[in-house]
Amino acid sequence: TVGHSTVMATCLFFTAQGEIPGCSSSSQGVSLSKGALTQEQEAKWPSAFDFERVYDFQETLVGEDGMINGEPDPNAGKTFFALLTFEKPVTAPLGSLFIGSKFDFESHSPTCRMAFFGKLLTPIKPAVQDELKKIRIVKMKSKTGVLEKIDKADPCLYTAHGLIKKESD
């Protein structure tokens with residue numbers, strides 16, 4: 001829900017790279033929240049989006065207790081942002097409150113459908129590729145393999161297996 005409209009949207013979540021959880025400066029603040037909206041909490045939200053920063057992709061939002069699947073979330077206390085791609089255009093002024101809800105819950109379920117809320121920081125037109133490229137979001141990937149041996153003559157040379165598939169170049 002944005003302004004007076006309820007529109008389906010796809011969400012991409014990300015956090016500011018290099019941010020220390022729980023620390024904020026004038027340019028940082030909680031732009032997505034879970035829980036009660038208060039004036040104190042809203043005062044921490046940034047008023048503009050910083051296109052100069054690099055951001056880290058986040059698979060999920062932090063749980064209310066700072067835990068995910070029973071383990072402490074390393075992103076607890078960080079600033080979360082969302083790129084919302086709406087199914088149809090939405091008219092709302094910058095700074096408008098938006099509410100993300102889960103519509104796949106049963107109406108009689110005791111679970112709350114409200115997933116997150118925040119405010120609109122900047123408009124982006126997804127049809128204009130240059131606008132999407134302005135947001136620098138990094139998705140970290142890793143591969144694991146088995147180290148077999150270290151070369152005796154050159155300790156910088158390693159032999160490993162399981163890092164790439166056989167059909168790869």
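This report walks through the fold, the cores, the surface and a few individual residues of the chain shown above.

**Overall fold**

Please keep in mind that this is a predicted model. The chain contains 2 helices and 11 strands. Read from the N terminus, the elements follow the order β-β-α-β-β-β-β-β-β-α-β-β-β. Contacts that span long stretches of sequence are well represented: among those between residues at least 6 apart, 64% bring together residues at least 24 apart. Of the 169 residues in the chain, 25% count as buried.

**The nonpolar cores**

Let us look inside next. The largest nonpolar core is built from 10 residues, namely Val2, Phe13, Leu61, Val62, Phe80, Leu84, Phe98, Ala115, Phe116 and Leu120. Two elements give two or more residues each to this core: strand 6 (80-86) and strand 8 (114-119). A second core, separate from that one, has 9 residues, including Phe14, Phe81, Leu83 and Ile124. Phe13 belongs to the largest core, while Phe14 belongs to the second. Likewise, Phe80 is part of the largest core and Phe81 is part of the second.

**The surface and the cysteines**

On the outside, the chain exposes about 12,400 Å², and carbon and sulfur atoms account for 54% of that area. Leu147, Ile150 and Tyr158 together make a nonpolar surface patch of about 330 Å². Of these, Leu147 sits in strand 10, which covers residues 146-150.

How many disulfides does the structure hold? The number is 0. As for individual cysteines, Cys11 is partly exposed, because its relative accessibility of 32% falls between the limits of 20% and 50%. Cys156 has a relative accessibility of 63%, over the 50% limit, so Cys156 counts as exposed.

**Three residues and their distant partners**

Each row below pairs a residue with a partner from elsewhere in the sequence.

| Residue | Partner | Separation in sequence | C-alpha to C-alpha distance |
|---|---|---|---|
| Thr79 | Pro46 | 33 residues | 9.6 Å |
| Lys125 | Pro89 | 36 residues | 9.6 Å |
| Phe57 | Ala16 | 41 residues | 9.1 Å |

Thr79 is found in the loop that links strand 5 (71-72) to strand 6. Is Thr79 buried or exposed? Its relative accessible area is 3%, which is under 20%, so Thr79 is buried despite its place in a loop.

Lys125 also has a loop position, between strand 8 and helix 2 (129-133). Here the relative accessibility is 55%, and because this is over 50%, Lys125 counts as exposed.

Phe57, by contrast, belongs to a strand, strand 3, which runs over residues 54-58. With a relative accessible area of 23%, Phe57 lies above the 20% limit for burial and under 50%, so Phe57 is partly exposed. Which residues does Phe57 touch, leaving aside neighbours within four places in sequence? The contacts are Leu12, Phe13, Phe14, Ile137, Val138 and Lys139. Two of these partners lead back to the interior: Phe13 is a member of the largest nonpolar core, and Phe14 is a member of the second. Phe57 thus makes contact with a residue from each of the two cores described above.

Technical notes:
Residues numbered from 1 in each chain as written. Predicted model: local features only at pLDDT ≥ 70, side-chain atom pairs only at ≥ 80, totals over all residues. Heavy atoms only, no water. Helix = DSSP H or I, 4+ residues; strand = E, 2+ residues; numbered from the N terminus. Buried < 20%, exposed > 50% of the residue type's maximum accessible area, 1.4 Å probe, protein only. Contact = heavy atoms within 4.5 Å. Areas by Shrake-Rupley, 256 points an atom, 1.4 Å probe, with all protein chains shown as cover. Patch = residues over 30% accessible without salt bridge, like charges linked within 9 Å, V, L, I, M, F, W, Y side chains within 5 Å. Salt bridge = Lys/Arg side-chain N within 4 Å of Asp/Glu carboxyl O. Disulfide = S-S within 2.5 Å. Core = buried A, V, L, I, M, F, W, Y, C linked by side-chain atoms within 4.5 Å.
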